[in-house]
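Subject: Structure handover

Hello,

I am passing this structure on to you. Please open it and keep it beside this email as you read.

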Amino acid sequence: MSLLRKIGRMALLLLLPLGVMAQGSSAADTTLSVAERNAAQGFNDTIDRLDPNFVTVSLVIADPGDILYSSFGHAMLHLECPVFHLDYIFSYESEGISNNWGRFLKGNLKMGMFAIDPDTVYAPYRAEGRGVKEYKLNLSPTQKQELWRIMDELAAIGPNQPYDYYTRGCAISVVHVIKRALQGQNIEYSLWPEKFKGTLRELGYECVTKAHRPWNRFALMTLAGSGIDNPTISKERKLIVPADLVEIWQKAKIDGKPLLEREPTVKVESTIVDEPKWWISPLALSLLVLLLAFVPWRAFDYMVLAIVTFIGVMVCYTVCLSSLPCTSWNWLIIPFNILPALAWHWRRYWSLPYAGIIVVWCIGMLSAPHRLVEYAHIVLALAFCVVLIKQSSLLLTLHSKK
């Protein structure tokens with residue numbers, strides 16, 4: 001809290017007066033000397049607050065990590081004021097997830113802006129071997145000072161928003177604060193890549209696939225509901241992946257200049273080897289489960305039931321009990337839920353009809369115009385179909401013998 005108090009004090013001494021100056025300055029001010037301009041704003045120094053380097057702003061991008069919540073990478077803003085020896089990275093992130101998975105799944109985890117010393121920010125990335133790069137943002141002096149004022153206000157508030165990566169994540173939060181700092185000036189976007197005609201799910205899927213983290217992808221696709229499957233939202237709201245933000249902003253312009261510099265400054269060298277991290281992928285494992293489902297051994301039937309029920313518990317919890325955003329409905333709840341396990345004793349009455357429903361579901365997922373689930377989910381659902389058909393045939397045979 002001492003850091004935030006320091007920032008708050010500096011905001012009163014530096015940023016708030018600058019905000020007033022930014023609003024009150026005009027073209028005529030350029031004919032005045034620095035001392036005259038400062039005197040008109042109530043300053044008795046010769047600091048040129050309209051110098052382009054009085055405040056510098058950079059977009060900070062960290063590579064994706066191995067842990068689930070770091071699968072997309074991270075986006076932050078680095079603000080410096082050399083004259084006043086101020087140097088902070090403002091990072092929009094959640095409370096620690098590692099020790100709060102229960103609160104995360106329940107939807108009670110909070111997000112907010114944090115002001116952090118750069119060395120403190122870089123240290124964990126350096127330890128994990130995740131690269132960090134900075135790209136200079138070409139904003140006007142008054143826009144940069146307005147941005148600092150906004151960031152300081154957000155940091156003082158702290159984490160007060162429910163965790164929601166897809167609508168309030170790090171990259172999209174950077175977009176929001178930069179647009180606020182522009183004070184109505186528009187970013188001139190170039191042509192958007194074809195992938196932005198898709199959904200948030202598809203953009204996240206592509207990001208995690210490129211990072212060779214198939215199990216993180218499987219977990220994200222399991223937890224994420226239909227709230228991220230709308231392809232018609234604005235393209236700017238789809239900038240949830242930090243690498244995509246860099247790609248788009250390097251082609252965008254403001255006042256005829258590139259919004260983002262092309263050549264980054266490397267702050268932390270990447271030492272992560274770009275290769276698969278697991279010897280077997282979810283799809284390969286699900287194919288193995290499908291093969292075992294055909295084996296006429298009851299133990300394999302119960303194994304498949306256990307897998308489907310385990311995924312079903314997670315899906316049912318997020319849909320029915322959790323307030324985690326983007327989980328109000330999940331297409332996976334049709335084949336993956338807890339009802340088959342609860343009604344297993346009476347499976348002779350419902351196994352064949354339910355198998356038919358799952359087959360229709362699989363066809364629907366494969367033929368949908370946009371990706372809704374993982375292929376591994378479809379294969380596991382088919383494995384459960386095989387088990388249900390086997391169980392139905394066995395029970396009908398036993399019943400006929402009686």
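What follows is a short tour, from the whole chain down to single residues.

Please note that this is a predicted model.

**The chain as a whole**

The chain has 402 residues, and 48% of them are buried. It holds 15 helices and nine strands. Its accessible surface is about 19,500 Å². Carbon and sulfur atoms account for 61% of that surface. Look also at the contacts between residues at least 6 apart in sequence: 76% of these join residues at least 24 apart.

**The sheet**

Start with the open sheet of seven strands. Its order is 6-4-3-2-1-5-9, and the pairing is antiparallel. Which strands form the edges? They are strand 6 (161-162) and strand 9, and each pairs on one side only.

At one edge, strand 4 pairs with strand 6 in the antiparallel sense, over two bridges. There, M111 stands opposite Q161 of strand 6.

Now go to the other edge. Strand 5 (residues 132-136) pairs with strand 1 (residues 56-62) through five bridges, again antiparallel. Strand 5 is also joined to strand 9 (residues 265-268), by three bridges, and these two run antiparallel. K133 is a handy marker here. It faces I61 in one pairing. In the other pairing, K133 stands opposite V266 of strand 9.

In general, strands of a sheet pair through backbone hydrogen bonds, either parallel or antiparallel.

**S94, in strand 3**

S94 lies in strand 3. Is this residue buried or exposed? S94 counts as buried, because its relative accessibility is 16% and the cut-off for buried is under 20%. Leaving aside neighbours within four places in sequence, S94 is in contact with L109, K110, M111 and Y163. S94 and G112 are 18 residues apart in sequence, yet their C-alpha atoms are 6.3 Å apart in space.

**The cores**

The largest nonpolar core has 62 residues. Those that touch the most other members are L59, L77, F90, L137, L147, I178 and W249. Helix 7 (residues 170-181) gives the most to this core: seven residues.

F90 is worth a click. Not counting residues up to four places away in sequence, F90 touches M76, L77, L79, M113, F114, A115, W148, M151, D152 and A155.

There is a second, separate core of 35 residues. Among its members are V289, V315, W361 and V386.

**The largest pocket**

The largest pocket has a volume of about 640 Å³. It is lined by 29 residues. Which of them lie nearest its centre? They are Y69, H74, E93, Y125 and R130.

Four elements each supply at least two lining residues: strand 2 (74-81), strand 3 (86-94), strand 4 (110-116) and helix 4 (118-128). Helix 4 gives the most to this lining, with five residues.

**The cavities**

How many cavities of 30 Å³ or more does the structure hold? There are three. The largest cavity contains about 310 Å³ of space. Its lining has 18 residues, and F104, Y163, Y165, Y166 and L220 are the closest to its centre. Helix 3 (101-106), helix 6 (165-168) and helix 9 are the elements that give two or more residues to this lining. Y163, close to the centre of this cavity, is also one of the contacts of S94.

Helix 9 (residues 214-223) is mostly covered, with seven of its ten residues buried. These are P214, N216, R217, F218, M221, T222 and L223.

**D301, in helix 12**

Last stop: D301, in helix 12 (residues 298-321). D301 counts as buried because its relative accessibility is 4%, where buried means under 20%. Which residues is D301 in contact with, leaving aside its neighbours within four places in sequence? They are A293, V387, K390 and Q391.

**Where to look first**

If time is short, try three views. View K133, which stands opposite I61 and V266. Then view F90 and its contacts in the largest core. Finish with the largest pocket, with Y69, H74, E93, Y125 and R130 nearest its centre.

Best wishes

Notes
Residues are numbered from 1 along each chain as its sequence is written. This is a predicted model: local features need pLDDT of at least 70, side-chain atom pairs count only at pLDDT 80 or more; totals for chains, interfaces and linings use all residues. Side-chain values use heavy atoms; hydrogens and water are left out. Two strands pair if DSSP finds at least two bridges between them. A nonpolar core is a set of buried Ala, Val, Leu, Ile, Met, Phe, Trp, Tyr and Cys residues joined through side-chain atoms within 4.5 Å. Buried means under 20% relative accessible area, exposed over 50%, partly exposed in between (1.4 Å probe, protein chains only). Contact means heavy atoms within 4.5 Å. Accessible areas come from the Shrake-Rupley method with a 1.4 Å probe; for residues, only the protein chains shown count as cover. On a 1 Å grid over the protein atoms alone, a cavity is a set of points where a 1.4 Å probe fits but cannot get out, and a pocket is an open set with protein on both sides within 12 Å along at least five of seven lines; lining residues have an atom within 4 Å of a point. Grid points are joined across faces, edges and corners, and a volume is the space filled by probe spheres set on the points.
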